[in-house]
Amino acid sequence: MNISEYHADDAQRLATVSQAPVKFIQICASQDDLFALDEGGKIYQYNFNEKTWVQLVASR
């Protein structure tokens, strides 16, 4: 499932909701966000409203 996330900098990011439990190897927290890195190098952001991790999709 694709969703759009909005942040304080008004940037739009496309993301997918993680359906299966993932083992994180690193977690990074800031004042407003929580990010995690899994063993495969995928980056996730915690959605506090839905209480779930959302995989961020890389785009350049």
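Two strands are taken to pair if DSSP finds at least two bridges between them. The exercises below apply to a predicted model.

**Exercise 1. Describe the secondary structure of the protein and its overall exposure.**

Step 1. The protein comes to zero helices and six strands. Read from the N terminus, the order of elements is β-β-β-β-β-β.

Step 2. Of the 60 residues in the protein, 20% are buried. The exposed surface amounts to about 4800 Å², and carbon and sulfur atoms supply 49% of it.

Step 3. Among contacts with a separation of 6 or more, 25% involve residues 24 or more positions apart.

**Exercise 2. Determine in which sense β5 pairs with β4 and with β6, and over how many bridges.**

Step 1. Strand β4 covers residues 34-38 and strand β5 covers residues 43-47; the two pair in the antiparallel sense over three bridges. Within this pairing, Ala-36 stands opposite Tyr-44 of β5.

Step 2. Strand β6 spans residues 52-56, and β5 pairs with it in the antiparallel sense over four bridges. Here Tyr-44 is placed opposite Gln-55 in β6. Tyr-44 thus has Ala-36 across from it in one pairing and Gln-55 in the other.

Step 3. The turns can now be examined. Four residues lie between the strands in the hairpin of β4 and β5, where Gly-41 takes a positive phi near 90 degrees. The hairpin of β5 and β6 has four residues between its strands, and Lys-51 in that turn has a positive phi of about 55 degrees.

**Exercise 3. Establish which polar partners the side chain of Asp-38 has, and whether Asp-38 is buried or exposed.**

Step 1. Asp-38 is located in strand β4 and is buried.

Step 2. A salt bridge requires a distance within 4 Å. The nearest side chain of opposite charge, that of Lys-42, is 5.1 Å away, and Asp-38 has no salt bridge.

Step 3. Backbone partners are considered next. The side chain of Asp-38 reaches the backbone nitrogen of Gly-41 at 2.9 Å. A polar atom of the same side chain lies 2.8 Å from the backbone nitrogen of Lys-42.

Step 4. Leaving aside residues up to four places away in sequence, Asp-38 touches Val-22, Lys-23, Phe-24, Ile-25 and Tyr-44.

**Exercise 4. Locate Lys-23 and state which residues it touches, not counting those up to four places away in sequence.**

Step 1. Lys-23 belongs to the loop between β2 (12-17) and β3 (24-29).

Step 2. The cut-off for an exposed residue is over 50% relative accessible area. Lys-23 has a relative accessible area of 59% and is therefore exposed.

Step 3. With residues up to four places away in sequence not counted, Lys-23 touches Asp-38 and Glu-39. The C-alpha atoms of Lys-23 and Leu-37 are separated by 8.7 Å, with the two residues 14 apart along the chain.

**Exercise 5. Explain why Gln-45 counts as buried, and name the residue whose side chain it joins in a polar contact.**

Step 1. Gln-45 is situated in strand β5.

Step 2. Buried means under 20% relative accessible area. Gln-45 counts as buried because its relative accessibility is 2%.

Step 3. The side chain of Gln-45 is joined to that of Asp-33 by a polar contact of 2.8 Å.

How values were computed: Residues numbered from 1 in each chain as written. Predicted model: local features only at pLDDT ≥ 70, side-chain atom pairs only at ≥ 80, totals over all residues. Heavy atoms only, no water. Buried < 20%, exposed > 50% of the residue type's maximum accessible area, 1.4 Å probe, protein only. Contact = heavy atoms within 4.5 Å. Areas by Shrake-Rupley, 256 points an atom, 1.4 Å probe, with all protein chains shown as cover. Lys, Arg positive; Asp, Glu negative; His and termini not counted. Polar contact = N/O pair within 3.5 Å; in protein donor to acceptor, adjacent residues only side chain to side chain.
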